[in-house]
Amino acid sequence: MTSRGTPSRFLRSVLQNGVGRYVCQLKRVSIIFSKKAQGSLGVRDFIEEGVVDFAKNNPGTVVYVSPQPCRVPKIVAEYLNGNTKEELVTNKTSQQVLEVLTKLTDQSGLDIIRIRKPFHTDSPSIQGKWHPFTNRPPSAGFIRPQNQHAE
């Protein structure tokens, strides 16, 4: 926590993800909906139209479809780091459900927080920052263009 009252941390990558091969952090998606409730209409349309395409586009993610007697349809996402996120999809269209699933697929499972600095290193330099004149002897003076007299 900072003095602003919001959590913050330094920028970090999940398992150096993207340095070599990208690994999708979403492990499992459960789509929980009701067969008869009006609020689950868009979810039912998505299951008929687009859940197979979503599963084909994300082969590393397991998709569970669970029809249960519930009032509020939701999507439960489980990530490789053990975190779970729930998104309510009441009265959303099929396209909006796909957008929610895409958003959950693109996330890492870490909480969204304020980043302290755009850069961070675990082994900071004690010598200071380098610039082009760091090792230049002071007696050399300023850099001037050479005069070329072609006589």
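Where is Thr102 found? Thr102 sits in helix α3, and that helix is a good place to start a tour of this structure. Please keep in mind that this is a predicted model.

## The chain as a whole

The protein chain has 151 residues, of which 25% count as buried. Its secondary structure comes to three helices and six strands. Following the sequence from start to end, you meet them in the pattern β-β-α-α-β-β-β-α-β.

How confident is the predictor? The average pLDDT of the protein chain is 81, and 80% of the residues score at least 70. Confidence is highest in strand β4, with a mean of 93, and lowest in strand β1 (residues 8–9), with a mean of 74. As a rule of reading, predicted coordinates should not be taken in detail where pLDDT is low.

Two more totals help set the scene. Among contacts between residues at least 6 apart in sequence, 69% join residues at least 24 apart. The accessible surface of the protein chain is about 11,700 Å², and carbon and sulfur atoms account for 53% of that surface.

## The sheet

Four strands make an open sheet in the order β3-β2-β4-β5, and their pairing is mixed. β3 (62–67) and β5 (84–88) are the edge strands: each has a single partner strand, so one side of each has no neighbour in the sheet. From one strand to the next, the twist averages 15°.

The mixed pairing can be followed strand by strand. β2 (residues 26–33) pairs with β3 in the parallel sense, over six bridges. Within β3, Ser66 is the bridge partner of Ile32. β4 and β5, by contrast, run antiparallel and are joined by five bridges. Ile75 stands opposite Glu87 in β5. β4 and β5 also form a hairpin with four residues between them, and Gly82 in the turn has a positive phi of about 95°.

Ser30 gives a close-up of the sheet, as this residue belongs to strand β2. With a relative accessible area of 13%, Ser30 falls under the 20% cut-off and is therefore buried. Leaving aside residues up to four places away in sequence, Ser30 touches Tyr64, Lys74, Ile75 and Val76. Val76 is 46 residues from Ser30 in sequence, yet their C-alpha atoms are 5.1 Å apart in space.

## The helices around it

Helix α1 (residues 41–49) lies across β2 and β3, running at about 125° to β2. Helix α3 (residues 94–106) packs on the sheet as well, where it touches β2, β4 (74–79) and β5; the direction of α3 makes about 15° with that of β4.

Which residues of α1 are buried? They are Gly42, Val43, Arg44, Phe46 and Ile47. The buried residues of α1 pack against β2, α2 (51–57), β3 and α3.

Ser94, in helix α3, shows one place where the helices come together. Not counting residues up to four places away in sequence, Ser94 touches Gly42, Asp45, Phe46 and Glu49. Further along α3 is Thr102, the residue from the opening question. The C-alpha atoms of Thr102 and Phe54 are separated by 8.8 Å, although the two residues are 48 apart along the chain.

## A loop and two cysteines

Asn91 lies in the loop between β5 and α3. Phi of Asn91 is near 55°, a positive value in a residue other than glycine. For comparison, most residues other than glycine have a negative phi.

What about disulfides? The structure holds zero of them. A disulfide would be a covalent bond between the sulfur atoms of two cysteines. Cys24 and Cys70 appear in the table below, together with other residues from this tour.

| Residue | Relative accessibility | Class |
|---|---|---|
| Ser94 | 16% | buried |
| Cys70 | 22% | partly exposed |
| Cys24 | 24% | partly exposed |
| Thr102 | 35% | partly exposed |
| Asn91 | 60% | exposed |

Why does Asn91 count as exposed? Its relative accessibility is 60%, and exposed means over 50%. Thr102, at 35%, counts as partly exposed because that class covers the values between 20% and 50%.

Notes
Residues are numbered from 1 along each chain as its sequence is written. This is a predicted model: local features need pLDDT of at least 70, side-chain atom pairs count only at pLDDT 80 or more; totals for chains, interfaces and linings use all residues. Side-chain values use heavy atoms; hydrogens and water are left out. A disulfide is a pair of cysteine sulfur atoms within 2.5 Å. Buried means under 20% relative accessible area, exposed over 50%, partly exposed in between (1.4 Å probe, protein chains only). Two strands pair if DSSP finds at least two bridges between them. Axes are lines fitted to C-alpha atoms, for helices over the stretch in contact, and angles run from 0 to 180 degrees between N-to-C directions. Contact means heavy atoms within 4.5 Å. pLDDT is the predictor's confidence in each residue, from 0 to 100. Accessible areas come from the Shrake-Rupley method with a 1.4 Å probe; for residues, only the protein chains shown count as cover.
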